[in-house]
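This briefing is meant to be read slowly, with the sequence and the 3D view side by side. Please look over both before going on to the notes that follow.

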Amino acid sequence: MAPIPLFTSPRALSPFCSLHSSFVLHNPQSSNPEPFKKSLLATFCPEPVACRASRRPPASETASLPTADPSVVEAEGTGAAAPSPGERFLEHQHARARAVLILKQSGSKEKKKNKRGKAVSSSLEVCCYGCGAPLQTEEADAPGFVDPEIFELKKKHHQLRTILCGRCKLLSHGHMVTAVGGHGGYSGGKQFILAEELREKLSDICYDKVLIVKLVDIVDFNGSFLARIRDLAGANPIILVVTKVDLLPKGTDLNCVGDWVVETTMKKKLNVISVHLTSSKSLVGIAGVISEIQKERKGRDVYILGSANVGKSAFISALLKTMAKKNPVAAAAHKYKPMQSAVPGTTLGRIKIEAFQGGGNFFDTPGVHLHHRQAAVVHSEDLPFLAPQSRLRGQSFPVVSKSNLTAADNVGLNGFSIFWGGLVRIDVLKVLPQTRLTFFGPRKLQILMVPTAEADEFYHKEVGVLLTPPSEKLRELWPGLQSVRQLKIKFEDQKRPASDIAISGLGWISVEPFGLGVGQNEFVDCKGELHLDVHVPKPVEIFVRPPMPVGSGSAEWYQYQELTEAEEELRPKWYY
């Protein structure tokens with residue numbers, strides 16, 4: 001019997017040799033990859049081979065055959081070294097499968113690269129676990145700075161992912177250290193990254209299969225909603241989480257608020273799976289969000305999206321704290337949770353958090369900085385004025401005692417202007433004598449009422465003094481209330497507010513045509529129109545919306561929508 005050859009025959013290797021030459025001649029990264037695909041298929045997939053059964057010659061025939069000399073190697077592909085037709089067929093089938101796999105992988109990589117427009121940043125880059133900024137040892141004032149000695153020590157012990165940068169340490173001690181500039185950024189302080197660059201970091205999420213958790217601030221619902229969320233989320237499913245519900249006025253019925261949120265969301269025509277009313281401080285609704293994420297995740301990563309300072313890092317901390325009770329992976333991740341602060345733009349990069357048993361991650365993302373919010377107008381030193389620290393309490397105008405309710409005609413708002421700090425001015429042009437305006441927002445902003453004829457002089461004199469923000473030392477840089485919007489608000493019901501006037505990034509004003517009540521013998525027309533002028537800084541947006549049902553008496557006037565079974569099926573469910 002001829003010896004078994006120790007090396008694979010050139011014939012067996014020839015497809016791979018041809019593949020190498022074809023790959024050199026036709027690079028798939030070139031503008032025309034078709035020649036490469038054709039040559040690859042031709043190399044691995046020659047003409048079909050017909051299989052036939054082979055027979056073993058009888059012993060009488062093999063005895064007469066000449067004996068091969070062991071010192072002489074047989075010609076390749078002949079004698080005992082020749083593959084059978086069946087082996088050739090299987091070899092060609094395997095080669096074809098490999099060729100299809102290579103073409104599929106190269107095509108998907110090229111398609112993903114074309115869609116994203118640029119290569120994805122390396123996952124090997126080590127970042128601060130608090131803000132997501134890349135660690136560096138050169139610029140002491142820049143995000144991500146670490147003392148060189150500490151960096152080398154942590155690097156030696158493979159502990160770079162446990163480092164908190166210098167900026168995050170300052171933020172943890174209450175310092176207002178901004179880092180974001182550009183369109184939607186913040187004036188004052190150093191600006192190390194543009195708001196446009198942070199948005200660009202989120203541009204590739206829409207091409208991945210992930211679960212989106214979108215956060216909205218209930219105090220600034222319209223200003224923080226991100227109406228164009230589909231540009232970031234793509235076709236991925238969305239769970240809508242409403243944060244800071246613990247700040248709503250005392251006595252608020254969350255059933256009414258939940259229905260109001262769903263109704264408002266449906267008008268924006270977003271494909272939302274469910275709505276959750278939560279508080280990261282009191283952990284209200286957090287368990288329901290975790291249950292929904294586990295149900296809808298299906299092995300995918302979870303991305304937390306929202307506008308700047310909406311509470312993403314605080315929300316993730318609350319999630320990890322709740323999950324840690326039953327999940328050891330989340331308990332370990334909670335030790336190195338993202339940084340929380342009142343400064344918009346705390347998070348400067350994606351922060352990967354391993355929180356699920358069996359794989360999958362949370363990603364805290366940089367907030368989307370919106371130019372139309374008040375935070376983009378005021379100086380960085382005045383940002384604490386805009387953050388409510390305790391439960392909201394409505395402040396109403398005009399201020400009357402119970403004994404004066406019957407004399408409402410003498411205390412009407414017509415001809416007066418109301419200042420909300422130095423950020424908002426409302427001129428009351430034409431309203432009913434019983435009309436009342438109730439302000440919901442940060443308590444640090446004073447609300448003052450003066451006659452409209454004296455409003456201009458009063459503002460120029462008191463801005464930066466009584467009317468803050470801006471603070472007194474920054475009043476020279478303040479552009480003033482450059483934008484005016486004329487509002488005509490219709491009303492049809494005596495028992496409920498006509499609408500809310502929401503100021504982006506600040507809060508809202510409830511407009512009640514009959515807020516002061518109506519006398520028993522007094523006849524009024526329940527339909528009409530109120531005329532107001534609202535002054536704000538130029539980029540700030542004003543929203544007129546249906547009234548949010550807050551306070552102890554809201555459940556009495558709020559009306560639930562009557563829906564058919566089909567409409568009820570399409571509506572997302574809400575939880576708290």
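Does Arg-436 count as buried or partly exposed? With a relative accessibility of 24%, Arg-436 counts as partly exposed, because the buried class holds only values under 20%. The model discussed here is a predicted one, and its protein chain contains 15 helices and 19 strands. Of the 576 residues in the protein chain, 45% are buried, and among the contacts between residues at least 6 apart in sequence, 73% join residues at least 24 apart.

**Salt bridges**

- A search of the whole structure turns up twelve salt bridges, and three of the pairs are described in the points below.
- The side chains of Glu-512 and Arg-436 meet in a salt bridge with an N to O distance of 3.2 Å. This pair links distant parts of the chain, since Glu-512 lies in strand β16 (residues 507-512) and Arg-436 lies in strand β12 (residues 436-440), 76 residues apart. Glu-512 counts as buried at 17% relative accessibility, whereas its partner Arg-436 counts as partly exposed at 24%.
- Salt bridges with shared partners join Asp-259, Glu-263 and Arg-571 into one network.
- Within that network, Arg-571 forms a salt bridge with Glu-263, and the closest N and O atoms are 2.9 Å apart. Here too distant parts of the chain are linked, with Arg-571 in the loop between α15 (565-570) and β19 (573-575) and Glu-263 in helix α9 (residues 254-267), 308 residues apart. Arg-571 has a relative accessible area of 9% and is therefore buried, while Glu-263, with 21%, is partly exposed.
- Asp-456 and Arg-425 also meet through their side chains in a salt bridge, at 2.6 Å from N to O. The pair links distant parts of the chain, namely helix α13 (residues 455-462), which holds Asp-456, and strand β11 (residues 424-430), which holds Arg-425, 31 residues apart. Arg-425 is buried, with a relative accessible area of 9%, whereas Asp-456 is partly exposed, with a relative accessible area of 47%.

**Two helices in contact**

- Two packed helices are described by the angle between their axes and the distance between the axes.
- The axes of helix α10 (residues 286-297) and helix α11 (residues 312-323) come within 10 Å and cross at roughly 80°, so α10 and α11 are roughly perpendicular to each other.
- On the α10 side the contact is made by Ile-286, Val-289, Ile-290, Ile-293 and Gln-294, and on the α11 side by Phe-315, Ala-318, Leu-319, Thr-322 and Met-323.
- The residues of this contact divide into eight nonpolar, two polar and no charged.

**A five-stranded sheet**

- Strands of a sheet pair through backbone hydrogen bonds, either parallel or antiparallel.
- In this model, five strands form an open sheet in the order β13-β10-β11-β17-β14, and the pairing is antiparallel. The edge strands are β13 (447-451) and β14 (483-491), each of which pairs on one side only.
- If direction is ignored, neighbouring strands of this sheet are turned by 25° against each other on average.
- Strand β10 (residues 416-420) pairs with β11 in the antiparallel sense over four bridges, and Ile-418 stands opposite Ile-426 in β11.
- Strand β11 also appears among the salt bridges above, as the strand that holds Arg-425.

Terms used. Residues numbered from 1 in each chain as written. Predicted model: local features only at pLDDT ≥ 70, side-chain atom pairs only at ≥ 80, totals over all residues. Heavy atoms only, no water. Salt bridge = Lys/Arg side-chain N within 4 Å of Asp/Glu carboxyl O. Helix = DSSP H or I, 4+ residues; strand = E, 2+ residues; numbered from the N terminus. Buried < 20%, exposed > 50% of the residue type's maximum accessible area, 1.4 Å probe, protein only. Axes fitted to C-alpha atoms, helices over the stretch in contact; angles between N-to-C directions. Parallel < 35°, antiparallel > 145°, perpendicular 65-115°, else oblique. Contact = heavy atoms within 4.5 Å. Nonpolar A, V, L, I, M, F, W, Y, C, P; charged D, E, K, R; others polar. Pairing = 2+ DSSP bridges.
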